[in-house]
Amino acid sequence: MSIELHHLRGFLALADEKHFTRAAKRMNVSQPTLSRNIRRLEELLGRRLLERTTRHVTLTPAGESLYDRLHVLLPQLEAALRPESDDDTFRVGFAWGFPTGWPQEVIARFEEETGVSVQAHRHDAKLAGVDRGDADIAILRGRLTAPGMEVVTLLHERRVVAVSTRSELAERHEISWREIADHQLVLNEVSGTTNLADWPTEHRPGVSVVCSNFDEWLEAVASSKGMGVVPEFVGRQHIHPFVSFLAIPDAPTVPLNLVHPSHGGHPLTARFVTMAQAATAEFAEMNGGDRLVSC
């Protein structure tokens, strides 16, 4: 077989993004090039990996099987091929909204005790690069399942709803979770923490705009395209002059997690996780004695 790494990388990117344009952008190639690489991979393997429509991409059973294995193996292979660096670093990935408070304390203590530098990197991807070997650990929100990854939930965050300042809702202080279902949502389907399954099947909001990162999501809300739901800390950052935030007293909470490879990861990963657990436990106690907090 003449299967090359770029064929496998393209397949993983497309399986993650479920969209040719976004996957091509992630791979820094043209969409036709990505399409040719995927077709070539299917020809070499002798089986169809994807079902394509005009708007969506889904994996076939053969594609699911390949993804489950490749998702774990390819990052390990690329890590093995990566040149050794004299300056050891511990890379922390995040998709958006890096927490404030406890992470900075953990990083400072980790660097002091281990002598290893910590670098935080933003990756607009579901697993913030930890699945591709671009990060040793990732700070991610939401309920996650990832083959070959360990997910450690540190705490749970409350949610707020974001609306345009031109919306009549902007004059209110709160809204119920059920009432949100009567409105149109802006969804960040790549790194967001909200999806339609959070509401009962018989009463779900419509979707007006689908985005691939936080910045696009924010501008869509500011432009009155729809409302959005995010963790509470976002509402305290005054991130946009044309966006207001309302409390949602009965909203389901959002888990805040550390995600890292189950095997073959950085040798100091467990130490970082232990430090983070201790720091968030202390942080939660200072904010009411439980794990329901706002970072």
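The following questions and answers go through a predicted model, strand by strand and helix by helix.

Trainee: Is strand β3 (residues 89-94) largely enclosed or left open by the rest of the structure?

Mentor: Consider both faces of β3. Thr89, Arg91 and Gly93 are buried on one side, and Phe90, Val92 and Phe94 are buried on the other. Six of the six residues of β3 are buried, so the strand is largely enclosed.

Trainee: Which residue in β4 is the bridge partner of phenylalanine 90?

Mentor: Strand β4 covers residues 117-122, and β3 pairs with it in the parallel sense over six bridges. Within this pairing, the β4 partner of phenylalanine 90 is valine 118.

Trainee: Which helix joins β3 and β4 in a right-handed β-α-β unit?

Mentor: The two strands pair in the parallel sense. The helix of the unit covers residues 102-114. Together with β3 and β4, the right-handed unit is made by α5.

Trainee: Which residue in β5 stands opposite valine 92?

Mentor: β3 also pairs with strand β5 (residues 137-141), in the parallel sense and over three bridges. Opposite valine 92 in β5 stands isoleucine 137.

Trainee: At roughly what angle do the axes of α5 and α9 cross?

Mentor: Helix α9 covers residues 269-286, and its axis comes within 9 Å of that of α5, the two crossing at roughly 140°. That makes α5 oblique to α9, because an angle counts as roughly antiparallel when over 145 degrees. The crossing is right-handed. The angle asked for is roughly 140°.

Trainee: Which residues of α9 does α5 meet?

Mentor: On the α5 side, the residues in contact are Trp102, Val106, Ile107, Arg109, Phe110, Glu113 and Thr114. Their counterparts in α9 are Arg271, Phe272, Met275, Ala276, Ala279, Thr280 and Phe283.

Trainee: Is strand β12 (residues 254-261) largely enclosed or left open, and which residue in it is opposite arginine 141?

Mentor: Eight of the eight residues of β12 are buried, so the rest of the structure largely encloses the strand. β5 and β12 run antiparallel and are joined by four bridges. Opposite arginine 141, the residue in β12 is leucine 256.

Trainee: What is the bridge partner of valine 152 in β12?

Mentor: Strand β6 (residues 149-157) and β12 run antiparallel, joined by eight bridges. In that pairing, valine 152 has as its partner leucine 258.

Trainee: Which strands stand at the edges of the sheet β10-β7-β11?

Mentor: Three strands form this open sheet, with antiparallel pairing. Each edge strand has a single partner strand, so one side of each is left without a neighbour in the sheet; these strands are β10 (228-231) and β11 (243-247).

Trainee: Which residue in β11 stands opposite alanine 162?

Mentor: Strand β7 (residues 159-164) and β11 run antiparallel, with five bridges joining them. Opposite alanine 162 stands phenylalanine 245.

Trainee: At about what angle does α7 run to β7?

Mentor: Helix α7 covers residues 214-222. The helix lies across β7, β10 and β11. Its angle to β7 is about 55°.

Trainee: Is valine 210 buried, partly exposed or exposed?

Mentor: Valine 210 is in strand β9 (residues 206-211). Apart from residues up to four places away in sequence, it touches Leu187 and Glu189. Its relative accessible area is 47%, and exposed would need over 50%, so valine 210 counts as partly exposed.

Trainee: Is glutamate 168 buried or exposed?

Mentor: Glutamate 168 lies in the loop between β7 and α6 (177-180). Its relative accessibility is 69%, and the cut-off is over 50%, so glutamate 168 counts as exposed.

Trainee: How many ångströms separate the C-alpha atoms of glutamate 168 and glutamine 31?

Mentor: The two residues are 137 apart along the chain. In space, their C-alpha atoms are separated by 41 Å.

Trainee: Are α2 and α3 roughly parallel or roughly perpendicular to each other?

Mentor: The axes of α2 (residues 20-27) and α3 (residues 31-45) come within 9 Å and cross at roughly 95°. Phe20, Thr21, Ala23 and Ala24 in α2 meet Gln31, Leu34 and Ser35 in α3. Angles of 65 to 115 degrees count as roughly perpendicular. The two helices are therefore roughly perpendicular.

Conventions:
Residues are numbered from 1 along each chain as its sequence is written. This is a predicted model: local features need pLDDT of at least 70, side-chain atom pairs count only at pLDDT 80 or more; totals for chains, interfaces and linings use all residues. Side-chain values use heavy atoms; hydrogens and water are left out. Buried means under 20% relative accessible area, exposed over 50%, partly exposed in between (1.4 Å probe, protein chains only). Two strands pair if DSSP finds at least two bridges between them. A crossover is right-handed if, with the strands pointing away from the viewer, the path from the first strand over the helix to the second runs clockwise. Axes are lines fitted to C-alpha atoms, for helices over the stretch in contact, and angles run from 0 to 180 degrees between N-to-C directions. Angles under 35 degrees count as roughly parallel, over 145 as roughly antiparallel, 65 to 115 as roughly perpendicular and the rest as oblique. A crossing is left-handed if the near helix is turned anticlockwise from the far one by less than a right angle, and right-handed if clockwise. Contact means heavy atoms within 4.5 Å.
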